[in-house]
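Biologist: Please take one part of this model and look at it closely. Start from the inside and work along the chain from there.

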Amino acid sequence: MLQIDLGHVVKHVSLLGSTGTIGVNTLDVISRHPDSFQLFAVTAHSNVERLAEQCGRFNPRYAVLCDEQKIEACQQVFRRRNISTELLFGSEGLQRIASDPRVDIVMAAIVGAAGLKPTLAAARAGKRVLLANKEALVMSGKLLMDAVREHDAELLPIDSEHNAIFQSLPVNFSQGLLQAGVKRIILTASGGPFRNMKQPDLESVTPAQAVKHPNWVMGKKISVDSATMMNKGLEMIEACWLFDATPDQVEILIHPESIVHSMVRYRDGSVIAQLSNPDMRIPIAYGLGYPARMDTGVADLDLAAIGKLNFAALNDDQFPCVNLAYQAMATGGTATAILNGANEVAVDSFLKEALPFRSIPAVIEFALREIAAVPVRELDDVLRADQAARAAAADWIKTHTRASIPLGVST
Ligand code: NAD
Ligand code: MG
């Protein structure tokens, strides 16, 4: 296979969330370019078997396990299989491998709020940060963007839409979108599995139906976010931070086939888009190799075979979560951390069949109403808002469903 020219310097990669969907896709890309990338560390919440298997295959220097209940079992599995990778544990372990001086690239692919601290640590250590963990930007966009600037880090978007926008923007976009001739960012959305369902039919939707995305294979949390379309709300916020856009510079367009991954509308009437088969290895490889392009193993896009691409306006009455995200972004400060924390609890409860699908937006709306947003000065402001939102969301769920709800996200 043709190897890319990265100046023959092997880049060392810490892969946060290696046992998840993005993690596994990242390992697939790395395994195709062994002369360019070396795995420095892998991390898991609780999937000991997969973590051990990845260590056996890639022999990274470190592995981090976060679930305290699994520490002993993990040590046993590593000993039994003669794995020489050093085991670290918990949040401290994550932050250590995200900021280690030997690391060049950190892939931030932990799901949810748990990914925030190690992603910040990577930015503060001046790394190339490949951002899949959109929740980190939604919770703490200001702190993360400040850290990137102050520590000369590089933040490259892995979310397929933002990666497409990044590829479609002019090189000078950081001087300001208007200055660069950009009118709008057009964020495409598949509409998820319930795009054609009417509100009353959503009442009886099950977790198994919600996680069955028509075009992508993804983790459970983001799959439910796609079904409520909160994912597009989170992505609108993500786009505002990444590209210094205002919410009204971000348009959402329904595109059920997920072939056009997003577009940029210019002042002269041009629209530039990035198209590909829906496969996360493309944005992952783009981030790893940037600015070089690498082989990914993804089949060529055959537009003649596809024949037709469809687009439609978003009906936001059908998906109230999108409006809640715009509302939180307009409020500013910790409002988006409140939105995110309440959403994580609501999605977790839905997945545990303790909350009906249609009540997810009601939980988030309640948290946004109950908790006053404050300006973000430091990480504690964000973490306090996150905890308050989780408590408010759990209260709502308990009152309305009599269920007892844990405040964390367990993956
Ligand atoms: P996933 O559920 O498949 O994997 C999540 C990973 O995070 C796993 O490795 C898990 O062990 C780890 N994790 C979960 N909770 C943790 C905790 N408390 N502490 C430490 N580690 C923990 O999710 P995914 O689909 O790979 O998504 C990962 C992130 O990438 C999410 O933020 C998602 O929004 C984003 N993203 C995913 C896709 C996709 O196609 N899957 C696309 C765009 C963005
Ligand atoms: Mg996306």
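**The core and what packs around it**

Modeller: The largest nonpolar core holds 134 residues. Phe78, Met107, Phe243, Leu288, Leu339, Phe357 and Ile364 have the most contacts inside this core. Such a core is a set of buried Ala, Val, Leu, Ile, Met, Phe, Trp, Tyr and Cys residues, joined through side-chain atoms within 4.5 Å. Buried means under 20% relative accessible area, exposed means over 50%, and partly exposed lies in between (1.4 Å probe, protein chains only). In soluble globular proteins, nonpolar side chains tend to be buried together.

Some ground rules. This is a predicted model, where local features need pLDDT of at least 70, side-chain atom pairs count only at pLDDT 80 or more, and totals for chains, interfaces and linings use all residues. Residues are numbered from 1 along each chain as its sequence is written, chains are lettered from A and ligands numbered from 1 in the order in which they are written, and side-chain values use heavy atoms, with hydrogens and water left out.

Take Met107 of that core. Leaving aside neighbours within four places in sequence, methionine 107 is in contact (heavy atoms within 4.5 Å) with Ser14, Leu15, Leu16, Ile22, Thr26, Leu130, Ala132, Ile158 and Ile284.

Phe243 is another of those core residues, and Phe243 also takes part in a helix contact. The helices are α7 (residues 160-168) and α10 (residues 230-243). Helices (H or I, at least four residues) and strands (E, at least two) are DSSP runs, numbered from the N terminus. Two packed helices are described by the angle between their axes and the distance between the axes. Here the axes come within 10 Å and cross at roughly 35°. Axes are lines fitted to C-alpha atoms, for helices over the stretch in contact, with angles from 0 to 180 degrees between N-to-C directions. The crossing of α7 and α10 is right-handed; that is, the near helix is turned clockwise from the far one by less than a right angle. From α7, the contact uses Glu161, His162, Ile165 and Phe166. From α10 come Lys232, Glu235, Glu238, Ala239, Leu242 and Phe243. By class, these residues are 5 nonpolar, 1 polar and 4 charged. Nonpolar covers Ala, Val, Leu, Ile, Met, Phe, Trp, Tyr, Cys and Pro; charged covers Asp, Glu, Lys and Arg; the others, Gly among them, are polar.

Now the metal. The magnesium ion (ligand 2) is coordinated by Asp159 (OD), Glu161 (OE) and Glu235 (OE), at 2.1 to 2.2 Å. Donors are N, O and S atoms within 2.8 Å of the metal (3.2 Å for Na, K and Ca); water is not among the atoms, so sites may look incomplete. The donor spacing in sequence is D-x1-E-x73-E. Two of these donors link distant parts of the chain: aspartate 159 sits in the loop between β7 (154-157) and α7, while glutamate 235 sits in helix α10, 76 residues apart. Both aspartate 159 and glutamate 235 are buried.

Just ahead of α10 comes a backbone oddity. Methionine 229 lies in the loop between α9 (220-228) and α10. Methionine 229 has a positive phi of about 70°, although it is not a glycine. Its relative accessibility is 2%, so methionine 229 counts as buried. Glutamate 353 also has a positive phi, about 60°, and is not a glycine. Glutamate 353 is in the loop between α14 and α15. Glutamate 353 counts as exposed because its relative accessible area is 67%.

Past α7, the loop to β8 (182-189) contains leucine 178. Leucine 178 is exposed, at 62% relative accessible area. Not counting residues up to four places away in sequence, leucine 178 touches Gln249 and Arg267. The C-alpha atoms of leucine 178 and alanine 245 are 9.5 Å apart, with their positions 67 residues apart along the chain.

Two buried residues in other helices round this off. Aspartate 386 lies in helix α16 (residues 379-401) and counts as buried at 5% relative accessibility. Beyond four places in sequence, aspartate 386 touches Ala113, Met139, Ala337 and Gly341. Serine 140 is in helix α6 (residues 134-150) and is buried, at 1%. With the same sequence neighbours left out, serine 140 touches Leu116 and Val382.

One last backbone feature: a cis peptide bond joins tyrosine 290 and proline 291, with omega about 5°. Proline 291 lies in the loop between α11 (281-289) and α12 (303-306).
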